[in-house]
Amino acid sequence: MIEVIGLTKQYGSATVVNDLSFTVRKGTVTGFLGPNGAGKSTTMRMILGLDTPTKGRALIFGEPYDNLSKPLTKVGSLLDANWIHPNRSARSHLRFLAATNNINAKRVDKVLDTVGLTKVAGRAAGKFSLGMKQRLGLAAALLGDPQILIFDEPVNGLDPEGIFWIRTLMKDLAAEGRAVLVSSHLMSEMALTADHLIVIGAGKLIADSSTADFIARSTRASVRVRSPQLAQLRVALQEAGLEITDLDDALEVNEAPIEQIGDIAFRAGLPLHELAGQSGSLEQAFIRLTADSVEYSDPGGGPGGPPLASPSFDAPGNAQLEGDPR
Amino acid sequence: MTLVNAERIKLASTRSPYWCLVAILVAGLGFAVINGLPDSGQGASIGGALLGATIGMSIFMVLAALSITTEYRFGTIRSTFLAAPKRFNVLLAKSVLVGVIGLVVGSVVALAAFYLTKALAASPIMPMELSTGDEWRQVLGYGPLFAIAGVMAVSVGTILRQSAGAVAILLLWPLLIERLVSLIPTVGDYAPWLPFAAGQQFVSAAGTQNPDAPTPFQGLLVFAAWALLLWLIALFLLKKRDA
């Protein structure tokens, strides 16, 4: 339903989106994943006709966005919840959008109800909290009952309840047969929401696969073993040709069946105090995958670095890179 | 028409246009009082009664420019383009709406100012009458002038995309720049053909002009031509630039 073909955007000598191609299918939530500054927002703006691509094109139902008549009835989008006039009421905001596409005014009250803003619909939208602005933005996206929905970082700044609500909403919309494209820089969030993943880094496509495949492929399984005779165990495992990482009081064996490690220890006559399989964290996998393409990387978060405690990819030094490149 | 209606909802759902309309009325009627009241209104004249309408026109340009610059300020221009991706139509709808409002507001304010002065002036030396076509033009001419000035302001707002710059230019241009140009030797001879000087000819009494200046109807056409030129530049930039 959305086709992106060789899409490229350059600002001067900087290439923000580089020959990107992918498709978004109906009935699925497609996660659009990449670190900050990877070109996600720019790509979405080009799909929606706000920015003109330097090369390539983006088609919706086989047509460029500019050619759609009554586009709100075909594509609903929420790129930035702050695109509202602070003195205009939520209802007036939706009313002018509805009028632009000849959408029945009754629909305005319906979507206000859907997002739970009916009671505050007459209030100036500038006084809304971020969560309420997000809800207003979603109401605008749903206004034309479109078959395609595009959301840019919709959970940013929301409380857990709001995050859960949006996640459920997106899944419901896809279950109704709609195509949902949602961007995020949070791998963990996408693992919960998306059926399909498109991963980009520095404007280039890194992966285009189902979420399950992506996780299986990119997370490395390892086995953690502990023994009172760690040194001997280490030698035994090394003789078997296994890749070992030293931890404080244990060893981590990469990509080996857990049974094999148990057998090796038994044959060497070494007692084990712990033998546990571990699956790698999604965040680590994501970081490893995009590491080469991260524009402004966090020195602590690269491959081999300490596992990130926070599920966010944001490091204090590299926030605010997404968005307006001008 | 659909888009004009959407633009009408946008304009009517914020406060600043109402404030601007009040200010236009205050300016228009205030000068009418000043012209009609002192000395039993001996000095009352059509031109004097309508001095405030010219100031009202400047305020109307602020209203018109803000109708587009606030969209850039708050990002609603993107919501607008998402709903109406054909940018020519958006600019056209805004211009049509501002033009129609300008036509109505300009005519109403000028008529109101005229009749207020007429009512206040007990014994004017020149009788305040609207009988000849020339006199009607001097009053109702403000309708087309407001309309064209509004379109010009929308164009300048679109080109600059920010309120402060657009308002500064629109206020300083007629009050300052055109007067300064007229002081420059040789170049100054063409000053009456600059947009606002030319436009002002349309609401001046016939036969009072200097011979280098355009006639009233030439003046209107020149003013409209300047507006069209700015509008085309605005359209070009609007289509070319990323929103």
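**Exercise 1. Find the bridge partner of A:Leu149 in E7(A), then place the pair in its sheet.**

Step 1. In this predicted model, A:Leu149 has A:Val180 as its bridge partner in E7(A). Strands (E, at least two residues) and helices (H or I, at least four) are DSSP runs, numbered from the N terminus.

Step 2. Strand E6 (residues 148–152) and strand E7 (residues 179–184) of chain A run parallel, joined by five bridges. Two strands pair if DSSP finds at least two bridges between them. Strands of a sheet pair through backbone hydrogen bonds, either parallel or antiparallel.

Step 3. The open sheet of chain A has six strands, ordered E5-E6-E7-E3-E8-E9, with mixed pairing. Strand E5 (75–78) and strand E9 (204–210) of chain A are the edges, each pairing on one side only. From one strand to the next, the twist averages 15°.

Step 4. Helix H7 (residues 211–218) of chain A packs on this sheet. H7 touches strand E3 (29–33), strand E8 (196–201) and E9 of chain A. The direction of H7 makes about 110° with that of E9(A). Axes are lines fitted to C-alpha atoms, for helices over the stretch in contact; angles run from 0 to 180 degrees between N-to-C directions.

**Exercise 2. Describe the fold and the compactness of chain B.**

Step 1. Chain B has eleven helices and zero strands. The radius of gyration, taken over C-alpha atoms, is 19 Å, close to the 18 Å from the globule rule for 243 residues, so chain B is as compact as a globular protein of that length. That rule is 2.2 Å times the number of residues to the power 0.38.

Step 2. The C-alpha trace of chain B spans about 60 × 45 × 30 Å along its principal axes.

Step 3. Of the 243 residues in chain B, 49% are buried (20 or more other C-beta atoms within 10 Å of the residue's own, C-beta atoms being placed from the backbone).

**Exercise 3. Characterise the side of chain B that touches chain A.**

Step 1. Contacts link 23 residues of chain B with 29 residues of chain A. Contact means C-beta atoms, placed from the backbone, within 7 Å.

Step 2. Helix H1 (2–12), helix H4 (51–74) and helix H5 (76–83) of chain B each give two or more residues.

Step 3. By class, this side has ten nonpolar, eight polar and five charged residues. Ala, Val, Leu, Ile, Met, Phe, Trp, Tyr, Cys and Pro count as nonpolar; Asp, Glu, Lys and Arg as charged; the others, Gly among them, as polar.

**Conventions.** Residues are numbered from 1 along each chain as its sequence is written, while chains are lettered from A and ligands numbered from 1 in the order in which they are written. The model is predicted: local features need pLDDT (the predictor's confidence in each residue, from 0 to 100) of at least 70, side-chain atom pairs count only at pLDDT 80 or more, and totals for chains, interfaces and linings use all residues.

Key. A residue is buried if 20 or more other C-beta atoms lie within 10 Å of its own, exposed if 12 or fewer, and partly exposed in between; C-beta atoms are placed from the backbone. Two residues are in contact if their C-beta atoms, placed from the backbone, lie within 7 Å.
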